[in-house]
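Work through the exercises below with the model open. Each task is followed by a stepwise solution.

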Amino acid sequence: MKDLGILQKISKPFRAYPRLSKILLVVAVSGGGYVAYAQANSDSDLISSSPGAERKKVVVLGTGWAGTSFLRSLTNSSYDVQVVSPRNYFTFTPLLPSVTCGTVEPRSIIEPIRNIVRKKKIGFQFTEAECLKIDPKEKKIYCRSKLEDEEKEFVVDYDYLVISVGASVNTFNTPGVMEHCHFLKEVEDAQKIRKTVVECFEKASLPTVTDEEKERILHFAVVGGGPTGVEFAAELHDYVNEDLGELYPEVKDKVKITLLEAGNHILSMFDKRITEFAEEKFRRDGIDVKTGSMVTKVDDKQITTKEMKTGKIETMPYGMALWSTGIGSRPFIRDFMNQIGQANRRVLATDEWLRVEGCDKIYALGDCATINQRKVQEDISAIFSKADKDKSGTLTVQEWKEVINDICERYPQVDLYLKNKNMRNIVDLLKETKGASATDTVELNIEDFKTALSKVDSEMKMLPATAQVAAQEGAYLASCFNRMEKCEKYPEGPLRFRGEGRHRFRPFRYKHLGQFAPLGGEQTAAQLPVLPGDGVSIGYSSQWLWYSVYASKQVSWRNRGMVISDWARRFIFGRDSSQI
């Protein structure tokens, strides 16, 4: 009868307004036609190779956010593309915490990589294997597949190599983490967590288990107060209170969730108000938030922590632990870094065009790499020389104005500094060092020039290791490959201050579109530039915005339909608690 009442509520508007169903049908059909037209148009926009030109081979390592974004955006048919990855699908990783508790099913957030590229008229080949070694001198990669009974190695040649393998877990050499903790990087991780959570409840329900042991089994520890750890803790809290609590009423009161964070606050990358709201909400919900608490050891049944302020050592029993802090390089990436002189770095270093430093025709995107932005002070003499066209040894304001756009494009920290200081032009920047004497007629020598730009490098920031950054990098690199021949003839980038002419392409620029932090109970914190005021929104309305954005960001209509249907199923029937 309850289900019948729900159906009656849904159908009531259609009975009251018969035209509504017709309108929805027209919208659906026209929307589908528009999508089909857009896809057909995208195929017709393919860039054809020049007659008689030799096709270059592009090898892409990985099918994550960066690699998939590159493949989706590549339209130049003059390349043969081979993708090498141990998984033949793309995963929408922001919804992995939802998979851990059955809010969303695993297959709803994955899409076969062949489906993504099947309509593209480019030479495409997929090889399900893992990369073991990169040989940049011979332009070869050594791979191995686990699909054969005997794991045989094979070699793949390349003209261009795109490394987009993501990152592995970084345990910071904490004893016991690899052996006893769960991680949340892949779909398989989420499935293991889901099974373990239900197993904990089943084990605690056995008549032979003591009350003390039940409390230990039902103590869920989450290490890391970033978005992943916070969202998992919120999802688990909702799972327990809305679903498992009704199925296991005899042990519901023994459940405890603890969030451990070494820093002073959780969600430290968000606005202060979001951080405070999240900590307060978790305390109201009964989630124990322990900030300033660093995990030093993990055993099979207890976690050892150290208080950062006092140095006090404590232990706490647990039933399941999730490690969601820190990223590191994969073994073959570490080996590659040793080969090219980057052994002391945490991840691969690239320039602003995503080219791996010290290598030719090798690119690195996503979590496995970071952009090593050049400092203005490193090139200050070259910039001055390029701007001083009459070689007088001094710069006029007019000479500076002629190159300022190229400077801002090549060194984005200059543009950021001007904006953050509310400076409208070069004269305003000069007034910071020369005071009222700075006018349109002032001339600068090399020392004045250095002084004027002495503080701009303070605006340099490392890009976060997020799906948003990886996706934008993939799309950017694909646009470079699409226009490679054209830009060889007609460069569109900024001036080469340490050389002649212009760079072929504009350097990569990350555009932050905002971030979400679901906090459970149908409440989400959002920090989006498009929102009015300061862009911060917290509450139920943000949750529906989260639903809308995450549904729209799925890579296929199949994924969108399945994710939305999973959310609807959860609203109507609740989450599944089977051990599958």
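**Charged pairs and cysteines**

Arg502 is partly exposed, at 37% relative accessible area. The model is predicted.

**Exercise 1.** Find the salt-bridge partner of Arg502 and place both residues in the chain.

*Solution.*
- Step 1: Arg502 pairs with Asp406, with 2.8 Å between the closest N and O atoms.
- Step 2: Asp406 lies in helix H13 (residues 397-410), and Arg502 in the loop between helix H18 (484-489) and strand E24 (515-520).
- Step 3: The two are 96 residues apart, so the pair links distant parts of the chain.
- Step 4: Asp406 is buried, at 8% relative accessible area.

**Exercise 2.** Analyse the salt bridge between Glu409 and Arg506.

*Solution.*
- Step 1: The closest N and O atoms are 3.0 Å apart.
- Step 2: Glu409 is in helix H13, Arg506 in the loop between H18 and E24, 97 residues away.
- Step 3: Glu409 is partly exposed at 22%; Arg506 is partly exposed at 45%.

**Exercise 3.** Determine how Arg216 and Glu213 are placed relative to each other in helix H8.

*Solution.*
- Step 1: Their salt bridge has its closest N and O atoms 2.6 Å apart.
- Step 2: They sit three residues apart in helix H8 (residues 211-217), about one helical turn.
- Step 3: Arg216 is buried at 14%, whereas Glu213 is partly exposed at 25%.

**Exercise 4.** Why is there no bond between Cys131 and Cys143?

*Solution.*
- Step 1: The closest cysteine sulfur to that of Cys131 is in Cys143, 5.0 Å away.
- Step 2: A disulfide needs sulfurs within 2.5 Å, so this pair is too far apart for a bond.
- Step 3: Cys131 is buried at 10%, and Cys143 is buried at 0%.
- Step 4: The whole structure has zero disulfides.

Key
Residues numbered from 1 in each chain as written. Predicted model: local features only at pLDDT ≥ 70, side-chain atom pairs only at ≥ 80, totals over all residues. Heavy atoms only, no water. Buried < 20%, exposed > 50% of the residue type's maximum accessible area, 1.4 Å probe, protein only. Salt bridge = Lys/Arg side-chain N within 4 Å of Asp/Glu carboxyl O. Helix = DSSP H or I, 4+ residues; strand = E, 2+ residues; numbered from the N terminus.
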